[in-house]
Every structure is written in C-alpha cells, then in structure tokens.
Amino acid sequence: KKLLEPTEILRNIKSINKKFRIGRQEDSHEFLRDLVDSFAKAAAGFPEKSTPKMLEETDIAKIFAGKLKSTVECQECHYKSEIFETFYDLSLVSIGSVLT
C-alpha cells in the first residue's frame with residue numbers, strides 16, 4: 001500500500017474542493033469534511049453519481065460517520081416515528097437542542 005504524503009494533498013488540494021488554494025487561509029472544519037468526503041468517494045471507486053447510501057457503506061464512513069436517531073411521538077395516539085441520519089460531524093447547536 002502506498003502512503004499518502006501531506007505534500008501530495010497540497011499538490012492536489014483543488015481535487016478536494018475547487019475553491020481551496022495553497023497559501024490561502026481556509027476553514028479547517030470545511031477542509032476536514034471535504035477531505036473525508038473525497039476519501040469516501042475514492043473508497044467507493046469514484047462513481048460518476050455517488051449516492052449517500054453508497055458513501056455510507058465505505059470503510060471511510062465506518063471510521064468517521066455516526067448515526068443520529070431522531071424520535072417524534074404523537075401526543076394523542078403515542079405513535080413513535082424514528083429516523084436515523086448519518087453524520088460526520090455535529091454542531092454545538094445540534095447537541096444543545098438534543099440535550100434540552
């Protein structure tokens with residue numbers, strides 16, 4: 001297996017996100033998200049039209065992704081609806097709204 005050198009990432013920074021430029025300050029969070037997305041697409045074999053489901057099944061997703069469970073219960077009939085959403089990061093606002 002070939003190791004990925006940091007200089008290779010810099011040389012190919014535009015393949016991660018077209019707006020990134022060497023020497024320009026960027027948002028580290030956005031860079032990490034785009035980098036992980038690029039890794040997931042590479043792990044999926046760079047399909048022309050990748051679906052979220054395809055990317056969720058990669059080894060990259062198994063390492064970096066999590067599942068957020070949202071539950072809504074009807075106050076009248078007590079029916080519960082549960083939805084699982086894949087996430088790669090959680091904002092502090094999301095965590096705060098879950099905890100309150």
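Which residue takes a positive phi in the hairpin of β1 and β2? In this predicted model, the residue concerned is His78, whose phi is near 65 degrees, and the hairpin that holds His78 has 6 residues between the strands. The two strands of this hairpin, β1 (residues 66-73) and β2 (residues 80-87), run antiparallel and are joined by 8 bridges; within this pairing, Lys67 has Thr86 of β2 as its bridge partner.

Helix α3 comprises 16 residues (residues 28-43), and because a rise of 1.5 Å a residue predicts a span of 22 Å, the separation of 22 Å between its end C-alpha atoms agrees with expectation. Asp34, Leu35, Val36, Ser38 and Ala40 of α3 are buried, and the buried residues of this helix pack against three further helices, namely α2 (13-16), α4 (52-56) and α5 (59-64). Just after α3, Gly45 adopts a positive phi of about 90 degrees.

Helix α3 also contributes to the largest pocket, in which lies about 240 Å³ of space. With 5 residues, α3 provides the largest share of the lining, while α1 (6-11), α2 and α3 each supply at least two residues. Among the lining residues are Leu35 and Ser38, both of which are also buried in α3, together with Phe39, Lys41 and Ala42. The lining further includes Leu4, Glu8, Ile9, Asn12, Ser15, Ile16 and Phe46. By residue class, the lining divides into 7 nonpolar, 3 polar and 2 charged residues.

Methods. Residues numbered from 1 in each chain as written. Predicted model: local features only at pLDDT ≥ 70, side-chain atom pairs only at ≥ 80, totals over all residues. Heavy atoms only, no water. Helix = DSSP H or I, 4+ residues; strand = E, 2+ residues; numbered from the N terminus. Expected span 1.5 Å × (residues − 1). Buried < 20%, exposed > 50% of the residue type's maximum accessible area, 1.4 Å probe, protein only. Contact = heavy atoms within 4.5 Å. 1 Å grid on protein atoms, 1.4 Å probe; cavity = no way out; pocket = protein on both sides within 12 Å on 5 of 7 lines; lining within 4 Å. Points joined across faces, edges and corners; volume = space filled by probe spheres on them. Nonpolar A, V, L, I, M, F, W, Y, C, P; charged D, E, K, R; others polar. Pairing = 2+ DSSP bridges.
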